[in-house]
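Work through the exercises below with the model open beside you. Try each task before you read its solution.

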Amino acid sequence: MSRLAIELFIAEHALREQTQREETLNHRAIALQKAIAIDPDPDPDRTQLEIREADEQLEKVKRQRPKKEQGLYRAVSMLRPTWRAVYDSIKDDDDGIWFMCEEMVQDCSDRGGCCSRGCGCCARRRHLSKGEKGKGHCTSECWCCISCRGFDLPEEEKEEIASYMKRWLEEFSSPYLLNMANAFFCPLKPKVKSKPKAESQSTLRRLFERG
């Protein structure tokens with residue numbers, strides 16, 4: 001089970017990156033258009049070239065979305081029926097709060113994402129249209145995080161961050177893996193009284209070790 005869960009977490013993260021990359025490029029295109037409207041470039045040909053390049057970059061990134069969505073679909077499809085049922089029940093939550101659980105908020109904050117600041121971006125992402133994929137906490141592509149840093153990370157550094165995350169997940173029974181499993185597979189609104197958190201984590205550990 002642990003291998004399937006890791007593949008799911010990685011696929012979820014990849015789709016969040018995709019969504020946030022699209023958002024970032026869209027913000028940049030809008031900012032460029034506003035800047036040109038305020039202070040027109042004396043060289044209209046160069047202006048049109050910049051706008052066209054921004055639009056082409058956004059379109060190129062958007063074409064990658066089907067691949068990321070298929071990756072998540074495959075990962076979810078491999079889950080056992082009981083785990084799939086829990087996962088679906090959490091993702092179908094009408095309030096859209098599944099990713100605002102304690103574990104995921106803390107993880108985002110620890111990584112320096114929006115949950116470490118008072119901007120409220122992650123909480124607002126819950127209001128994306130129902131069923132829209134790619135909701136969730138900050139990745140290296142988050143527009144707000146890039147704006148706060150004042151620069152975008154180079155591609156090789158983004159790849160290094162993704163590699164570290166995969167390594168954290170793959171460490172046998174790592175706390176990071178168990179925290180993510182708790183966020184993804186523990187029902188938000190259980191019908192029976194919840195077990196103490198320590199016992200819940202222990203149950204997850206046993207299930208993951210059984211495979």
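The exercises start with the whole chain and then turn to single helices, cores and charged pairs.

This is a predicted model, in which local features need pLDDT of at least 70 and side-chain atom pairs count only at pLDDT 80 or more, while totals for chains, interfaces and linings use all residues. Residues are numbered from 1 along each chain as its sequence is written, and side-chain values use heavy atoms, with hydrogens and water left out.

**Exercise 1. The whole chain**

Task: Find how many helices and strands the chain has, and what share of its residues is buried.

Solution.
- Step 1. Assign the elements. Helices (H or I, at least four residues) and strands (E, at least two) are DSSP runs, numbered from the N terminus.
- Step 2. Count them. There are 10 helices and 0 strands. Along the sequence the pattern reads α-α-α-α-α-α-α-α-α-α.
- Step 3. Sort by burial. Buried means under 20% relative accessible area, exposed over 50%, and partly exposed in between (1.4 Å probe, protein chains only). Of the 211 residues in the chain, 39% are buried.
- Step 4. Add the surface. The chain's accessible surface comes to about 12600 Å², and 53% of that belongs to carbon and sulfur atoms. The areas come from the Shrake-Rupley method with a 1.4 Å probe; for residues, only the protein chains shown count as cover.
- Step 5. Check contact range. A contact means heavy atoms within 4.5 Å. Among contacts with a separation of 6 or more, 72% are between residues 24 or more positions apart.

**Exercise 2. The two sides of H5**

Task: Decide which residues of helix H5 (residues 102–110) are buried, and which are exposed on the other side.

Solution.
- Step 1. List the buried residues of H5. They are Glu 103, Met 104, Asp 107 and Cys 108.
- Step 2. Look down the axis. These residues cover an arc of only 130°, so they sit on the same side of H5. The arc is that of the directions from the helix axis to the C-beta atoms.
- Step 3. Turn to the other side of H5. Glu 102 and Asp 110 are exposed there.
- Step 4. Read past the helix. Gly 112 follows H5 and has a positive phi, near 85°.

**Exercise 3. Two cores**

Task: Name the residues that touch the most other members of the largest nonpolar core.

Solution.
- Step 1. Define the set. A nonpolar core is a set of buried Ala, Val, Leu, Ile, Met, Phe, Trp, Tyr and Cys residues joined through side-chain atoms within 4.5 Å.
- Step 2. Pick the best-connected members. In the largest core, of 27 residues, these are Leu 8, Phe 9, Tyr 87, Met 104, Leu 169, Phe 184 and Phe 185.
- Step 3. Map the core to elements. H1, H3 (65–77), H4 (81–91), H8 (155–170) and H9 (175–185) each give two or more residues to this core.
- Step 4. Separate the other core. Another core, of 8 residues, lies apart from this one and includes Cys 108, Cys 122, Cys 138 and Cys 142.
- Step 5. Follow Met 104. Beyond its neighbours within four places in sequence, Met 104 contacts Trp 98, Phe 99, His 137, Met 180, Ala 183 and Phe 184.

**Exercise 4. Charged pairs**

Task: Which parts does the salt bridge between Glu 141 and Arg 21 tie together?

Solution.
- Step 1. Set the cut-off. A salt bridge is a side-chain nitrogen of Lys or Arg within 4 Å of a carboxyl oxygen of Asp or Glu. The whole structure has 11 salt bridges.
- Step 2. Take the distance. Glu 141 and Arg 21 meet at 3.4 Å, N to O.
- Step 3. Place both ends. Glu 141 lies in the loop between helix H6 (121–125) and helix H7 (143–149), and Arg 21 lies in helix H1, so the pair ties together parts 120 residues apart in sequence.
- Step 4. Check burial. Both Glu 141 and Arg 21 are buried. The relative accessible area of Glu 141 is 9%.
- Step 5. Extend the network. Salt bridges link Arg 21, Arg 28, Glu 141, Asp 152, Glu 155 and Lys 158.

**Exercise 5. Pairs within a helix**

Task: Where do Arg 65 and Glu 69 lie, and where do Arg 84 and Asp 88 lie?

Solution.
- Step 1. Place the pairs. Arg 65 and Glu 69 are both in helix H3, 4 residues apart, about one turn of the helix. Arg 84 and Asp 88 are both in helix H4, 4 residues apart, about one turn of the helix.
- Step 2. Take the distances. The Arg 65 to Glu 69 salt bridge is 3.3 Å, N to O. For Arg 84 and Asp 88, the closest N and O atoms are 2.9 Å apart.
- Step 3. Compare cover. Arg 65 is buried at 17%, and Glu 69 is partly exposed at 28%. Arg 84 is partly exposed at 30%, and Asp 88 is partly exposed at 24%.
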